[in-house]
Amino acid sequence: MSAIFVHEGRYVDCTPGADVALGAVVVQGDLVGIAPRAIAANQLGSLCVTGVFDLPKATGAGTAIPLGVKVYWDEAEQVAKTDDEAGANKYLGKTVKAAADADETVCVRLSQ
């Protein structure tokens with residue numbers, strides 16, 4: 001059997017067990033997506049898995065994130081960071097703009 005094209009893959013289906021807010025980062029195994037609209041619990045919705053997003057990051061001394069580096073989603077802290085913490089944090093993509101210590105967000109191009 002040959003591969004059969006399904007769709008371009010910008011969005012993937014998601015049926016969450018709890019309500020998901022607009023803009024929420026959702027981790028499903030090693031797949032990380034962002035909700036382009038709210039999804040009610042147990043209802044079919046979609047997650048965006050490509051594109052460029054501003055994501056929250058920690059602030060303060062030593063929290064700057066350079067341009068062009070890999071970033072990971074820390075689900076417990078709800079922030080993007082450069083440390084995968086031994087696989088606990090899931091890969092998001094790479095930064096497309098540097099973020100200073102004082103910046104509350106970092107601009108990331110998602111790539112799975």
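Colleague: Where is Gln78 found?

Modeller: In this predicted model, Gln78 is found in the loop between E6 and E7. Its phi is positive, about 60°, although Gln78 is not a glycine.

Colleague: What makes a positive phi worth a remark?

Modeller: Most residues other than glycine have a negative phi. Asn42 gets the same remark: its phi is near 60°, again positive in a residue other than glycine. Asn42 lies in the loop between strand E3 (31–34) and strand E4 (45–48).

Colleague: Why does Gln78 count as partly exposed?

Modeller: Gln78 has 40% relative accessibility. Partly exposed covers what is neither under 20% nor over 50%, so Gln78 belongs there.

Colleague: And what makes Asn42 exposed?

Modeller: Asn42 has a relative accessible area of 56%. Exposed begins over 50%, so Asn42 earns the word.

Colleague: Let's move to the charges. How many salt bridges does the structure hold?

Modeller: Four. One of them links Asp74 and Lys81, with 2.8 Å between the closest N and O atoms.

Colleague: How do you know that the contact of Asp74 with Lys81 is a salt bridge?

Modeller: The test asks for a side-chain nitrogen of Lys or Arg within 4 Å of a carboxyl oxygen of Asp or Glu. For Asp74 and Lys81 the closest N and O atoms are 2.8 Å apart, therefore the pair passes.

Colleague: Which residues do salt bridges that share partners join into one network?

Modeller: Lys81 also forms a salt bridge with Glu77, the closest N and O atoms being 3.3 Å apart. With Glu85, Lys81 forms another at 3.1 Å between the closest N and O atoms. Both values are within the 4 Å limit. Through the shared partners, Asp74, Glu77, Lys81 and Glu85 become one network.

Colleague: Why does Lys81 count as buried?

Modeller: Its relative accessibility is 16%, and buried means under 20%, so Lys81 is buried. Asp74 is buried too.

Colleague: What do Glu77 and Glu85 count as?

Modeller: Glu77 has 48% relative accessibility and Glu85 has a relative accessible area of 32%. Neither is under 20% or over 50%, so both are partly exposed.

Colleague: Now the sheet. In what order do the five strands form the open sheet?

Modeller: The order is E5-E9-E8-E6-E7, with antiparallel pairing.

Colleague: What makes E5 and E7 edge strands?

Modeller: E5 and strand E7 (79–81) each pair on one side only. From one strand to the next, the twist averages 45°.

Colleague: How do you know that E5 and E9 pair?

Modeller: Pairing needs at least two bridges. E5 and strand E9 (residues 105–110) have six, in the antiparallel sense, so they qualify. Phe53 stands opposite Val108 in E9.

Colleague: How many bridges join E8 to E9?

Modeller: Three, between antiparallel strands, E8 being residues 90–95. Thr95 has Val108 in E9 as its bridge partner. Strand E6 (residues 70–74) is joined to E8 by four bridges, also antiparallel, and there Trp73 has Lys90 as its bridge partner in E8.

Colleague: Which residues form a nonpolar patch on the surface?

Modeller: Val52, Leu67 and Val96, with about 270 Å² of accessible area together. Val52 is found in strand E5 (residues 51–56).

Colleague: Last topic, the cysteines. How many disulfides does the structure hold?

Modeller: Zero. For Cys48, the nearest cysteine sulfur is that of Cys14, 13 Å away. A disulfide needs the two sulfur atoms within 2.5 Å, so Cys48 is in none. Cys107 is in no disulfide either, the nearest cysteine sulfur being that of Cys48 at 13 Å.

Colleague: Why is Cys48 called buried?

Modeller: Cys48 has a relative accessible area of 3%. That is under the 20% cut-off, so buried is the word.

Colleague: And what makes Cys107 buried?

Modeller: Cys107 has a relative accessible area of 17%. This value is under 20% as well, so Cys107 is buried.

Technical notes:
Residues are numbered from 1 along each chain as its sequence is written. This is a predicted model: local features need pLDDT of at least 70, side-chain atom pairs count only at pLDDT 80 or more; totals for chains, interfaces and linings use all residues. Side-chain values use heavy atoms; hydrogens and water are left out. Buried means under 20% relative accessible area, exposed over 50%, partly exposed in between (1.4 Å probe, protein chains only). Patches are made of residues with over 30% relative accessible area and no salt bridge: like charges are joined within 9 Å, nonpolar side chains (Val, Leu, Ile, Met, Phe, Trp, Tyr) within 5 Å. Accessible areas come from the Shrake-Rupley method with a 1.4 Å probe; for residues, only the protein chains shown count as cover. Helices (H or I, at least four residues) and strands (E, at least two) are DSSP runs, numbered from the N terminus. Axes are lines fitted to C-alpha atoms, for helices over the stretch in contact, and angles run from 0 to 180 degrees between N-to-C directions.
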